Structures are given as structure tokens and as C-alpha cells.
Amino acid sequence: MIVCLLLLSVVAVTAAVPIPRALTRAAWPEREPVVALWVWQCLVATVLLCCLTALALGAAAVFGTVRAQLFAPAPPAVTEAYDLSSAPVWATALTVLLACGAAWTTAMLARELVEARRRRAQARAHLRERAPDLPVGLPAARGPLLVLEDEYPDAWWMPGNPPQLIVTTGALQRLTDHQIDAVLTHERGHARARHDWLLHLSTALATGFPRIPLFAHFCDQTHRLVELAADDTASRRCGHLTTALALIELNQHRGVLSCASSHRLLGERVDRLLEPPPRLGRRHRALTTTVAALVPLVPLLIAFAPGLRALS
């Protein structure tokens, strides 16, 4: 059991500190944002699984009731293989720490979901004020696209079931038909990929554990990569140049080409669309995705290794 806890700790620390820092310096995520998002999710899943399995083993060693319930279906040889009869003091402290971390993570996720629901309700109420003739069932009554009377050029999507696409008349007047199609395709890319759930998860983890590099980088990179992925969705249908021009026209008043940090991502997106980076090969993409999917299995293999050896 002690060996399992140590190995799980090593895997969790490795996935939480050096790997995220190396991934943020890599150049390939800009070329393959969808694959990069998958890799980040697998890293987060690895750390969470390490903590969860370590919590289960530690609780089984510290509390006899938990041990009896957890190993009830297992043969006696499996229980003996984990050597849970005596737990060192540090294992007890680690179990308490992991339990507090699990409770805090759950609280942060619940808080983020409640806040997102509140913000969504406020946004719907604001839309009804700007369009008072709309009935209460806004998304169902007006379909997936809503046009608002506003000189300010803007377009966005509101998560929900179904998602609501909103575009202002200012955007319709400024953009051409092909550019409008690119903007709406970009927003539909967010909706189809359910990027809102990924953003909620990354925000909750970064808010709850701001000093853990993995969660901080995961939040920053997620907000960046989902925009790049949606840009790729629009450019595949409407072309790179059309999507770039639509992005410029829609954000010109915000200083899309300025060097300010708040607008730097917009400038990077425009440059990326005007000069598309070379993409990874299909084999390289498949290999990266497969390896990333196998990484979360490492903590499970570590946790089940003593029991598998006992059964063999």
C-alpha cells in the first residue's frame, strides 16, 4: 500500500508540474488545438484519478469500515496483498488532506455551475429587455439564431438546450454574407463541442487550486485553445481569409491588432488565420491522441497492481 501511495504521488506531481510547463512551451498545440485540448483533459484526469485512488487506498488503511466495504468482493489474498493492517502517520495525514481536497474540488465545481447558471439567467433577462416582444421561452420560440437591434457589432453564443446564437444588426451591416457565415460557424463550433463545460471545469479548478501549475495552465490554455479550435471550424467551411477578415471587422473597434495583453489573443488568431501553421500528420495526430488517452490508465494500473499480482 505504501508503494502504491508513493507511486501515485510521483505520477500526480509529474503530471501537475513539469509536463504542463513543457506543454505550454510547445509549438504543436497551436497547429492542433483540438488534440491539445484532449491532452490537457487527459493530464487533468490523470491527476484527479491519482488523488482519488490514493484517497480510496488511504481511507481503506485508516478506517476499517471503508476497508471492509471496499474489499468486500475481493478474495482474502487480495486484501493481504495491499497490507492495509497498519497505516503510517503520514498515510493518515495524506488521506485527510486528499479528503479535504476532494470536498473543496466538489465545492468549487458546484459554485462554478451555480454562478454560470446565474450569469446565464441574467443574460437571458438582458436579452428580453433588448427585445421586449419576445416570449418567455426565448430559445425555443425564436430558434437557434436571434438578431438584436444594436449598432454595436457583436456575435456570441449562449449555452443552453438548445444553444442560442445571437448576432447584432451592427454586425450584419458591417460584415459580408460570407463573413457572417464564418462568424456563425465559429459560434456553432463552440456550441457543438460543448466548450462551455470545459471552460467551467478549468475555471473551477484554477479558482480552487491557483498554486497548482496544471490547473492554472489548464484554465489559460483552455480559454485560448477553444477559440483556435472554433476558428479552425470556421476556416474549414468558409476559408482562412474570410474568417480572418470577419474577425478583424467584428473586433476592429476593440483594438484587435493592438499589442495590449487583453487583445493579444485576437491578434494571434488573425495572424494564425492569415498564415496557417503546418498541421500534424494524421499518424502523428492519432499517436498523440492515443498516448494521451492511455495516460489516465497509469494511476488505475498502479492501484490495481497488488490485487492483480495476488490473483495471478
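The expected span of a helix is 1.5 Å times one less than its number of residues. In this predicted model, helix α10 can be set against that rule. Helix α10 covers residues 177-193, which is 17 residues, and reaches 24 Å from its first C-alpha to its last, close to the 24 Å expected at 1.5 Å a residue. Many positions along α10 are buried, including Gln179, Ile180, Ala182, Val183 and Leu184. Further along, Thr185, His186, Glu187, Gly189, His190 and Ala191 are also among the buried residues of α10. Arginine 194 follows α10 and has a positive phi, near 50 degrees.

**The chain as a whole**

The chain holds 16 helices and 3 strands. Along the principal axes, its C-alpha atoms fill a box of roughly 75 × 45 × 35 Å. Of the 312 residues in the chain, 41% are buried. The chain exposes about 16800 Å², and 63% of that area is supplied by carbon and sulfur atoms. Among contacts in the chain with a separation of 6 or more, 67% are between residues 24 or more positions apart.

**Helix α1**

Helix α1 spans residues 2-16 and contains cysteine 4. Leucine 6 lies in α1 as well. Is cysteine 4 buried or exposed? Cysteine 4 has 5% relative accessibility and the cut-off for buried is under 20%, so cysteine 4 counts as buried. Leucine 6 has 49% relative accessibility; because partly exposed ends at 50%, leucine 6 counts as partly exposed.

Apart from its neighbours within four places in sequence, cysteine 4 is in contact with Leu57, Ile302 and Pro306. The C-alpha atom of cysteine 4 is separated by 8.8 Å from that of tyrosine 82, although these residues are 78 residues apart along the chain. Leucine 6, for its part, joins Ile2 and Trp90 in making a nonpolar surface patch of about 280 Å².

**Segments annotated in UniProt**

An unreviewed UniProt entry places the feature "transmembrane region" at residues 38-63 and 286-308. The table gives the make-up of each segment in the model.

| Segment | Helix | Strand | Distance between end C-alpha atoms |
|---|---|---|---|
| Residues 38-63 | 96% helix | 0% strand | 37 Å |
| Residues 286-308 | 91% helix | 0% strand | 30 Å |

The contacts of cysteine 4 fall within these annotated segments: Leu57 belongs to residues 38-63, while Ile302 and Pro306 belong to residues 286-308.

Methods: Residues numbered from 1 in each chain as written. Predicted model: local features only at pLDDT ≥ 70, side-chain atom pairs only at ≥ 80, totals over all residues. Heavy atoms only, no water. Helix = DSSP H or I, 4+ residues; strand = E, 2+ residues; numbered from the N terminus. Buried < 20%, exposed > 50% of the residue type's maximum accessible area, 1.4 Å probe, protein only. Contact = heavy atoms within 4.5 Å. Patch = residues over 30% accessible without salt bridge, like charges linked within 9 Å, V, L, I, M, F, W, Y side chains within 5 Å. Areas by Shrake-Rupley, 256 points an atom, 1.4 Å probe, with all protein chains shown as cover. Salt bridge = Lys/Arg side-chain N within 4 Å of Asp/Glu carboxyl O. UniProt positions renumbered as here; feature names shortened; annotations may be inferred.
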